[in-house]
Amino acid sequence: MRNKILFGLAIVGILIGLVSAYIYSRQTPPQPPLATNYNPYVNGIFANGIIESYAADGENINIYPQVSGRVTGIFVQEGQTVAKGAPIFAIDDSVQKELVAQNKAQAQAALALLQELKAEPRKETLTIAEKQVEYARASLKYQQAQLGITQRERAIDPQAVSKLALENVQNSVLIARNNLKVAQAQYALTRAGAWRYDIRNQQAIYDAAQKTYASSSALLREYVVRAPVTGDVLRISTAVGSYASPQGVYGTYTQGMNPVVVMGKKTAYMQVRAYLDEILVPRLPAPADITAKMFIRGLSNVSVPLQFVRIQPYVTPKIELSNQRTEKVDVRVLPILFKFKIPAHMNLFPGELVDVYIGKK
């Protein structure tokens, strides 16, 4: 009985082994890929790309303020088209306004003193100087008369007037004559007006104060940031109450500094900045022979023809296409720019990642 059981178990084990071998020997066909881009060119080369607003002279416009402070107002919305010079956002300018008011008051005070110097002599001051001359002349005339009387008395009776008294009267005449000369000189100085060196010095002080006022006023205007070109607002990276500086604003998610506002020019075209791996650069055709297509991720069978614009002739360390420095990898790439006419049936936006295939005409 026991041998029959062992024999049965052995047969069952053999059958299980055969079934398992059959099952594991079957090859399940792989599932079709969700999205597959097929190289449209013979010996075509691949590059990662990012869509940008088309700008013949560069890329998207990153806007930073010239000053630092708390954002007090945002006057545009993402996706809005704004004209050149339109206000985009404002930074708290209360301190700068007080500084401008102070500089303006200093310039006005310097101007008032300069005008006062140029307006000299004052009529009242000149009148006083003239009266002082008349008084000195009258005093001299009186002392001369007293000297004449004293001299006649001494001539009649030398004992009636002492030599000392005569000398005192003579000295009084001399003093009166000198006083007249001083009064006449003071009158001439007053009539001549301010010294030209004083006017020149005050003019320099006023010019410096005026330039300081103009400089602070110009800086005050920088507290309202305006659109440098007519275009679309692609991204706003701040909010009212946030702190902005010439380095940008702190990104909560990227943990880096971002432009406060990103704008793009409004055209019928967009551009693709493709990053070609340095190991593929030797296979790149001559610029005149370059042709390319891009595939939109999620639309594997739809391609968009690209027009070659230019090569940025500098191989740089690759930064992932989010453009955040925290994502740098040890790869060097050559940026190549293409443009394309925006298809009417596609929704494409700056910042979107695409696959680019580059071939030869």
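Is K339 buried or exposed? Let's take that up in the first close-up, after a short look at the whole protein.

**Overview. The whole chain of this predicted model, with its helices and strands.** The protein has 361 residues, and 32% of them count as buried. Its secondary structure consists of five helices and 17 strands. Take the contacts between residues at least 6 apart in sequence: 80% of them join residues at least 24 apart. Keep that in mind as you go through the panels.

**Close-up 1. K339 in strand β16 and the residues around it.** Here is the reply to the opening question: K339 is buried, because its relative accessible area is 19% and the cut-off for buried is under 20%. The strand that holds K339, β16, covers residues 328-341. Setting aside neighbours within four places in sequence, K339 is in contact with Y54, Y269, M270, Q271, L306, Q307 and V309. If you are finding your way in the viewer, start at K339 and pick out these partners one by one.

**Close-up 2. N62 in strand β2, with partners from elsewhere in the sequence.** Strand β2 takes in residues 61-63, and N62 is part of it. N62 counts as partly exposed, because its relative accessibility is 38%. Beyond its neighbours within four places in sequence, N62 touches P259, V261 and V262. This view can also include G248, which is 186 residues from N62 in sequence but 9.5 Å from it in space, C-alpha to C-alpha.

**Close-up 3. Helix α3 and its packing against α4.** Helix α3 runs through residues 123-156, 34 residues in total. From the first C-alpha of α3 to the last is 50 Å, close to the 50 Å expected at 1.5 Å a residue. Which residues of α3 are buried? They are A129, V133, A136, L140, Q143, L147, G148 and T150. An α-helix has 3.6 residues a turn, so residues three or four places apart point the same way. Part of the cover over the buried residues of α3 comes from α4, residues 163-192. The axes of α3 and α4 come within 8 Å and cross at roughly 160°. Because of that angle, α3 is roughly antiparallel to α4. The crossing of these two helices, α3 and α4, is left-handed. In the contact of α3 with α4 you will find 13 nonpolar residues, 13 polar ones and six charged ones.

**Close-up 4. Helix α5 and its packing against α2.** Helix α5 is made up of 26 residues, 196-221. At 1.5 Å a residue α5 should span 38 Å, and its end C-alpha atoms are 37 Å apart, so the two values agree. In α5, the buried residues are Q202, Y206, A209, S216 and S217, and what covers them includes α2 (94-119). The helices α2 and α5 pack at an angle of about 160°, and their axes are 8 Å apart. That angle is why α2 counts as roughly antiparallel to α5. As in the previous panel, look at the handedness: α2 passes α5 in a left-handed crossing. The residues of the contact of α2 with α5 comprise 14 nonpolar, nine polar and four charged.

**Close-up 5. Q202 of helix α5 and its contacts.** Which residues does Q202 contact, leaving aside its neighbours within four places in sequence? They are A110, L113, L114 and L117. Q202 lies in helix α5 and counts as buried, because its relative accessibility is 7%.

**Close-up 6. Backbone details in two loops, at P121 and N43.** The loop between α2 and α3 holds P121. Look at the peptide bond from E120 to P121: it is cis, with omega near 5°. The other residue in this panel, N43, sits in the loop between α1 (2-25) and β1 (45-53). What is the phi of N43? N43 has a positive phi of about 60°, although it is not a glycine. N43 counts as exposed, because its relative accessibility is 67%.

Methods. Residues are numbered from 1 along each chain as its sequence is written. This is a predicted model: local features need pLDDT of at least 70, side-chain atom pairs count only at pLDDT 80 or more; totals for chains, interfaces and linings use all residues. Side-chain values use heavy atoms; hydrogens and water are left out. Helices (H or I, at least four residues) and strands (E, at least two) are DSSP runs, numbered from the N terminus. The expected span of a helix is 1.5 Å times one less than its number of residues. Buried means under 20% relative accessible area, exposed over 50%, partly exposed in between (1.4 Å probe, protein chains only). Contact means heavy atoms within 4.5 Å. Axes are lines fitted to C-alpha atoms, for helices over the stretch in contact, and angles run from 0 to 180 degrees between N-to-C directions. Angles under 35 degrees count as roughly parallel, over 145 as roughly antiparallel, 65 to 115 as roughly perpendicular and the rest as oblique. A crossing is left-handed if the near helix is turned anticlockwise from the far one by less than a right angle, and right-handed if clockwise. Ala, Val, Leu, Ile, Met, Phe, Trp, Tyr, Cys and Pro count as nonpolar, Asp, Glu, Lys and Arg as charged, and the others, Gly among them, as polar.
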